[in-house]
Amino acid sequence: MVDAHDPQEPGSSRVVVVQLRGVCKSFNVGTAIETEVLHGIDLTLLQGEFCAVMGPSGSGKSTLLNIVGLLDRPTSGTLQVCGAETTALDDRSLTRLRGHSIGFVFQYHHLLTAFTALENVMIPMLAAGLATQEMRTRAEQLIDSVGLSAWQDRLAGNMSGGQQQRVAVARALAMTPALLLADEPTGNLDTKSADAVFELLRRFNREHGTTVLFVTHNGALASRCDKTIQVVDGRITG
Ligand SMILES: Nc1ncnc2c1ncn2[C@@H]1O[C@H](COP(=O)(O)OP(=O)(O)OP(=O)(O)O)[C@@H](O)[C@H]1O
Ligand SMILES: [Mg+2]
């Protein structure tokens, strides 16, 4: 991803990982009437930046993350991710870019509960076609790095909420993504587990230069990020 041809922010030596220009998003809910949820979002994230996203419920935070994560397309505006201008890409190219460059952690872990912690971490590697032994070694290292070595063969469904979310973080980092999108990853956790998950994200951000967009309603955690943006009524207000 770090490439001499990648665009750079003027006046900065750091690579631009995400750039939105005038992004709008409308939804059509079963009628001819479209409701615009995001109204002309401009946002630039640099390599290694850890950015909190705050704002009231329904303001458009998850919609914004889904667009940055290439899970949904803007209605208008442009979106550049990891040096690629995404607006012109077809679905297959978007899927490939997402698989190689973007990791996701959601409020609900979305682990496969009938599979072990280790197997859950191996799934993105399987999708990327890695060899079995390499997958296993990498998954063991990731599980170790989130402090769960002793639990690697435990079924995900038999782990605590905090442990499951740590497995979800390890899974999100399986392909060492340039960009990590975390939508209220600590929203369901007690204070201690929330802190542990936040620290994991922070550590990976520092060690790998991963850019992180972190949605939270927790002002104390947001204050530990590099910067915070506020989304209010589909606009970035600060
Ligand atoms: N697929 C969809 N179809 C129609 N409307 C949608 C869709 N997704 C989101 N919306 C609407 O867009 C608005 C923003 O929703 P979004 O989920 O982005 O808010 P949010 O800021 O993440 O809220 P929360 O803090 O509760 O998670 C809401 O009014 C929601 O109803
Ligand atoms: Mg949301």
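Q: In this predicted model, which residue of β8 is the bridge partner of A182?
A: In this predicted model, strands β7 and β8 run parallel and are joined by five bridges. Within that pairing, the residue of β8 that serves as the bridge partner of A182 is F214.

Q: Which residue of β8 is the bridge partner of C51?
A: Strand β3, which covers residues 50-54, pairs with β8 in the parallel sense over four bridges. For C51, the bridge partner in β8 is L213.

Q: How many of the residues of β8 are buried?
A: From β8, the residues T211, L213 and V215 point one way, while V212 and F214 point the other way, and all of them are buried. The strand is accordingly described as mostly covered, and the number of its five residues that are buried is five.

Q: What is the order of the strands in the open sheet of six strands?
A: Parallel pairing joins β6 to β7 over four bridges, with G103 standing opposite L180 in β7. Five bridges join β7 to β8, and β3 pairs with β8 over four bridges. The sheet as a whole has mixed pairing, and its order is β6-β7-β8-β3-β9-β10.

Q: Which strands stand at the edges of the sheet, each with a single partner strand?
A: The open sheet runs in the order β6-β7-β8-β3-β9-β10. A strand at an edge has a single partner, so one side of it is left without a neighbour in the sheet, and the strands in that position are β6 and β10 (235-236).

Q: How far apart are the end C-alpha atoms of helix α6?
A: Helix α6 comprises the 18 residues 191-208, and at 1.5 Å a residue these should span 26 Å. The model agrees with that expectation, because the end C-alpha atoms are separated by 26 Å.

Q: Within what arc do the buried residues of α6 fall, seen down its axis?
A: The buried residues of α6 are A194, V197, F198, L200, L201 and F204. Seen down the axis of α6, these buried residues line one face of the helix, because they fall within an arc of 150°. On the other side of α6, the exposed residues are T191, K192, E199, R203, R206 and E207, whereas the arc of the buried ones is 150°.

Q: What covers the buried residues of α6?
A: The buried residues in question are A194, V197, F198, L200, L201 and F204. What covers them includes α5 (161-172), β7 (179-183), β8 (211-215) and α7 (219-222).

Q: Why is α5 described as largely enclosed by the rest of the structure?
A: Helix α5 has twelve residues and reaches 16 Å from its first C-alpha to its last, close to the 16 Å expected at 1.5 Å a residue. Its buried residues, including Q163, R166, V169 and R171, pack against β6 (102-105), α3 (117-127), α4 (132-145), β7 and α6. The helix is largely enclosed because the number of its twelve residues that are buried is ten.

Q: Is E184 buried or exposed?
A: E184 lies in the loop between β7 and α6, and its phi is near 50°, a positive value in a residue other than glycine. Burial requires 20 or more other C-beta atoms within 10 Å. Because E184 has 20 C-beta neighbours inside 10 Å, it counts as buried.

Q: How many C-beta neighbours does C82 have inside 10 Å?
A: C82 lies in the loop between β4 (76-81) and β5 (84-85), and phi of C82 is near 50°, a positive value in a residue other than glycine. C82 counts as buried, because its number of C-beta neighbours inside 10 Å is 22.

Q: What separation do the C-alpha atoms of L70 and V169 have?
A: L70 lies in the loop between α1 and β4 and counts as buried, with 24 C-beta neighbours inside 10 Å. Leaving aside its neighbours within four places in sequence, L70 is in contact with V81, T86, L94, L97, R98 and I102. V169 is 99 residues away along the chain, and the two C-alpha atoms are separated by 19 Å.

Q: Which helix gives the most to the shell around ligand 1?
A: Among the residues that surround ligand 1 are F27, V29, V37, G55 and K61. The shell divides into three nonpolar, seven polar and one charged residue. With three residues, the helix that gives the most to this shell is α1 (residues 61-68).

Definitions and conventions: Residues numbered from 1 in each chain as written. Chains lettered and ligands numbered in written order. Predicted model: local features only at pLDDT ≥ 70, side-chain atom pairs only at ≥ 80, totals over all residues. Helix = DSSP H or I, 4+ residues; strand = E, 2+ residues; numbered from the N terminus. Expected span 1.5 Å × (residues − 1). Arc of directions from axis to C-beta. Contact = placed C-beta atoms within 7 Å. Near = placed C-beta within 6 Å. Nonpolar A, V, L, I, M, F, W, Y, C, P; charged D, E, K, R; others polar. Pairing = 2+ DSSP bridges.
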